[in-house]
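Work through the exercises below with the sequence and the structure side by side. Each task is followed by a solution that proceeds step by step.

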Amino acid sequence: MIKLIKISKSFNGQKVLNELDLDIDPEEITVIIGQSGGGKSVLLKHIIGLIRPDSGQIIIDGVDIANLNDKKLTETRKKFGMLFQDAALFDSMTVGENVAFPLKEHTQLSGKEINKIVNDKLNLVGLDNITHKMPSELSGGMRKRVGLARAIALDPKIILFDEPTTGLDPIMRDSIDRLIVSIQKRTKATFVVISHDIESTFMIAHKIAMLYQGKIVAVGTPDEIRSSNNSFVRRFIKDLKAGVRDQGSGVSSQESGVRAC
Amino acid sequence: MIRFLEFAGRPLVFFVEECGKILLLLMSTISWMFRPPFRFRVMIKQMEFVGVNSLGVVLITGAFTGMVLALQTYHGFRMFGGESLVGATVALSMTRELGPVFTALMVTGRVGSAMAAELGTMKVTEQIDALNTMSVSPIQFLVLPRIIAAILMLPVLTIISDFVGIVGGYFVGVGLLKINSGIFMAKMIEIVDLEDIFNGLIKAAFFGLILSLTGCYKGMHTIGGAEGVGKATTQAVVLSSILIFISDYFLTAVMF
């Protein structure tokens, strides 16, 4: 269980998170949606302790990580896996070394055992025979798959996804979405996904939380969100859908001037 | 007047702030030095990068520094019949000053900039965040091996530079300017102490610390994509070079 209580964070006087409250249920996929630059990545980095809040509590399995010292925070992070927006694979390592990295760092497994897990995880994300390749040789979708294989290498209880479908073509986007759903079913881990892709969100989410102006303004199942009468939620979804469509015609939702609330 | 002072003092405040942040990184690095896992393989790789791969540039710089020093001092000393001191002057200058400083500056250009660029790229592509999320300290994994490698390899490179500089000086002095070989060597042995060489190597180790720490600091604090990486690289070289010159003065004042 992840519980965020009155989280506030400012950068250079600009408030990005404003007394934000959110409960994330275990063993579910929770998608946090919001506009680009709205603080979604900042929120995700708070959950894993990469950024500390100015005030508020971040409760992970009953422990407030906002005030933990570095050593304890490092221990807590072992419960997490994270897929970054551009996968954040280590350039200087091969695919196999990337996936093996957390195993080498945190387990006493033999090289043979590590190789087996690496191959298993790569198979799980639909990749075969690429352990020797360098990240620079991979496509965007393949990089994300390798990033996901690395994130699940230690079978973490919580996996965070920073805009997993951004920059992918529609076919690859659907493929990554299906992968997220199937891996969550198999691992029963808690998935927290941030996205501004409304179609992907409705496809994968058990619960959707809407971030706007530093606060969570609506929470519910995809059906509840879809059928919500809340004018803000309706305008927000409409705005995001328009943004997705406009990306094809080269006009962003921000350029169209539509704003929620 | 106050505005002028604010304007003029801003770079100084920035410089002092940067030095303070670099010292904080150093303290953090020292705290990680004694905690396992000890990453010998990464350190050996960095030693190869800092030391072996810098050999060519250090050989050329050292040799030509010694040669030009012999040439210049010969013309000066000849005015009062002191040609016999050319060898001693070259050796003393190389071991005390030019060997450590020029080696450090060349390695700063080659290695300090590369450290800033590599770590900067890792920062902007979230690879450093990825290390953190995997409960691996970027300071222990990235910074510490680079700093230890530079501290160990700079004295080795410096002693090579000293040697080729003196050989270059000998070649010009004895081979081209026809100074007596025996006098050249005798004066050099008479005037240069082991302490001169040793203190020069201590300086080199200190410069290794400065250039690696500054390169890593600038890399770890890079913001803003490719442009940010470019800026970090340039700033790492400039700041390291300035710190090397400043610290050289104080080290010389203390040691000699």
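**Exercise 1.** How many residues does the largest nonpolar core have, and which residues have the most contacts inside it?

Solution. Keep in mind from the outset that this is a predicted model. The largest nonpolar core has 125 residues, and L160(A) and V192(A) are those with the most contacts inside it. Turning next to where the members of this core come from, the largest share is supplied by helix α6 (residues 138-176) of chain B, which contributes 15 residues. Finally, take V192(A) and list its neighbours, leaving aside residues up to four places away in sequence: V192(A) touches I24(A), T30(A), I32(A), L44(A), I47(A), I158(A) and also L160(A).

**Exercise 2.** Determine the order of the strands in the open sheet of 4 strands in chain A, and then place helix α1 of chain A relative to that sheet.

Solution. Reading across the open sheet of chain A, the order is β2-β1-β4-β5, with antiparallel pairing. The edges are formed by β2 (14-24) and β5 (63-64) of chain A, each of which pairs on one side only. Helix α1 (residues 40-47) of chain A packs on this sheet, where it touches β1, β2 and β4 (55-60) of chain A, and the direction of the helix makes about 125° with that of β1(A). To look at one pairing in detail, follow strand β1 (residues 2-11) of chain A, which is joined to the antiparallel β2(A) by 7 bridges. Within this pairing, L4(A) stands opposite L22(A) of β2(A).

**Exercise 3.** Decide why chain A can be called as compact as a globular protein of its length.

Solution. Begin with the inventory, which for chain A comprises 9 helices and 10 strands. The radius of gyration of chain A is 19 Å, close to the 18 Å that the globule rule gives for 261 residues, and therefore the chain is as compact as a globular protein of that length. Along its principal axes the C-alpha trace of chain A spans about 55 × 45 × 35 Å, and 39% of the 261 residues of the chain count as buried.

**Exercise 4.** Where in chain A is confidence lowest, and where is it highest?

Solution. As a baseline, chain A averages a pLDDT of 86, and 91% of its residues score at least 70. Confidence is lowest in helix α9 (residues 231-249) of chain A, with a mean of 63, whereas it is highest in helix α3 (residues 95-106) of chain A, at 95. Over residues 245-261 of chain A, pLDDT stays under 50. Where pLDDT is low, predicted coordinates should not be read in detail.

Definitions and conventions
Residues numbered from 1 in each chain as written. Chains lettered and ligands numbered in written order. Predicted model: local features only at pLDDT ≥ 70, side-chain atom pairs only at ≥ 80, totals over all residues. Pairing = 2+ DSSP bridges. Helix = DSSP H or I, 4+ residues; strand = E, 2+ residues; numbered from the N terminus. Contact = placed C-beta atoms within 7 Å. Axes fitted to C-alpha atoms, helices over the stretch in contact; angles between N-to-C directions. Rg over C-alpha atoms; globule rule 2.2 N^0.38 Å. Buried ≥ 20, exposed ≤ 12 C-beta atoms within 10 Å, placed from the backbone. pLDDT = per-residue confidence, 0-100. Core = buried A, V, L, I, M, F, W, Y, C linked by C-beta atoms within 7 Å.
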